[in-house]
Amino acid sequence: MIHGKPVITHRSSMFNGQEEIVSNGGFFVNNEEEYLNCMLKLIDDKNLYNELSKKSFEIANSKYRIDVVTRQLENYYFELFK
C-alpha cells in the first residue's frame with residue numbers, strides 16, 4: 001500500500017489477510033477464483049488500477065507510516081499515565 005499499489009488479500013484457514021486494513025484500497029477475496037478475477041480486473045481496467053492505487057497509498061500514509069503509528073502510541077502512553 002505504501003508503494004501505491006492496489007492490494008488483493010484473502011480469507012484462509014489461518015492468517016487471514018485483514019479486510020479492514022485493505023479498506024477501499026483493493027480487494028478482500030474468499031478463494032483462488034475471486035483472487036484471479038480481481039487480478040484480471042486490475043490488468044484490464046487501468047482506471048480501476050489507478051483509482052485503487054491512489055486510495056491504497058492514501059490509506060497507508062494516513063494510518064500505517066512509522067511516524068503516524070509512533071504518534072498514536074505516544075498518545076496512548078500519555079493518556080495512560082495522565
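Me: A residue is buried when its relative accessible area is under 20%, exposed when it is over 50%, and partly exposed in between. The model shown here is predicted. Why is Asp67 called partly exposed?

Reply: The relative accessible area of Asp67 is 32%. That value lies between the limits of 20% and 50%, so Asp67 counts as partly exposed.

Me: What makes the meeting of Arg65 and Asp67 a salt bridge?

Reply: A salt bridge needs a side-chain nitrogen of Lys or Arg within 4 Å of a carboxyl oxygen of Asp or Glu. The side chains of Arg65 and Asp67 meet at 2.5 Å, N to O. This distance is within 4 Å, and the pair therefore qualifies. Arg65 is itself partly exposed, because its relative accessibility is 31%.

Me: How do you know that Glu79 and Lys82 form a salt bridge?

Reply: The same limit of 4 Å applies. The distance from N to O is 3.4 Å for Glu79 and Lys82, so this pair also meets the rule. Both Glu79 and Lys82 are exposed. Elsewhere, salt bridges with shared partners link Arg65, Asp67 and Arg71 in one network.

Me: How many salt bridges does the rule give?

Reply: The count comes to 4. One of them joins the side chains of Lys55 and Glu51 at 2.9 Å, N to O.

Me: Where do Lys55 and Glu51 lie?

Reply: Both are in helix α3, 4 residues apart, which is about one turn of the helix. An α-helix has 3.6 residues a turn, so residues three or four places apart point the same way. Lys55 is partly exposed because its relative accessible area is 26%, and Glu51 is partly exposed because its relative accessibility is 41%.

Me: How do you know that the span of helix α3 agrees with what is expected?

Reply: Helix α3 covers residues 46-63 and has 18 residues. The expected span is 1.5 Å times one less than the number of residues, which gives 26 Å here. The end C-alpha atoms are 26 Å apart, so the two values agree.

Me: Why is Ser53 called buried?

Reply: Ser53 has a relative accessibility of 10%, which is under 20%, and therefore counts as buried. Ser53 lies in helix α3, and its side chain reaches the backbone oxygen of Gly4 at 3.2 Å.

Me: What makes the approach of Ser53 to Gly4 a polar contact?

Reply: The limit for such a pair of N or O atoms is 3.5 Å. The distance of 3.2 Å is within that limit, so the pair satisfies it. Gly4 is found in the segment before β1 and is buried, because its relative accessible area is 16%. The C-alpha atoms of Gly4 and Ser56 are 5.8 Å apart, although 52 residues separate them along the chain.

Me: Why is Asn61 called buried?

Reply: Asn61 has a relative accessible area of 19%, which is under 20%, so the label buried applies. Asn61 touches Ile2 and Val68, leaving aside residues up to four places away in sequence.

Me: What makes the phi of Ser23 notable?

Reply: Most residues other than glycine have a negative phi. Ser23 has a positive phi of about 50° and is not a glycine. Ser23 is placed in the loop between α1 and β2. Its relative accessibility is 42%, and Ser23 therefore counts as partly exposed.

Notes:
Residues numbered from 1 in each chain as written. Predicted model: local features only at pLDDT ≥ 70, side-chain atom pairs only at ≥ 80, totals over all residues. Heavy atoms only, no water. Helix = DSSP H or I, 4+ residues; strand = E, 2+ residues; numbered from the N terminus. Buried < 20%, exposed > 50% of the residue type's maximum accessible area, 1.4 Å probe, protein only. Contact = heavy atoms within 4.5 Å. Polar contact = N/O pair within 3.5 Å; in protein donor to acceptor, adjacent residues only side chain to side chain.
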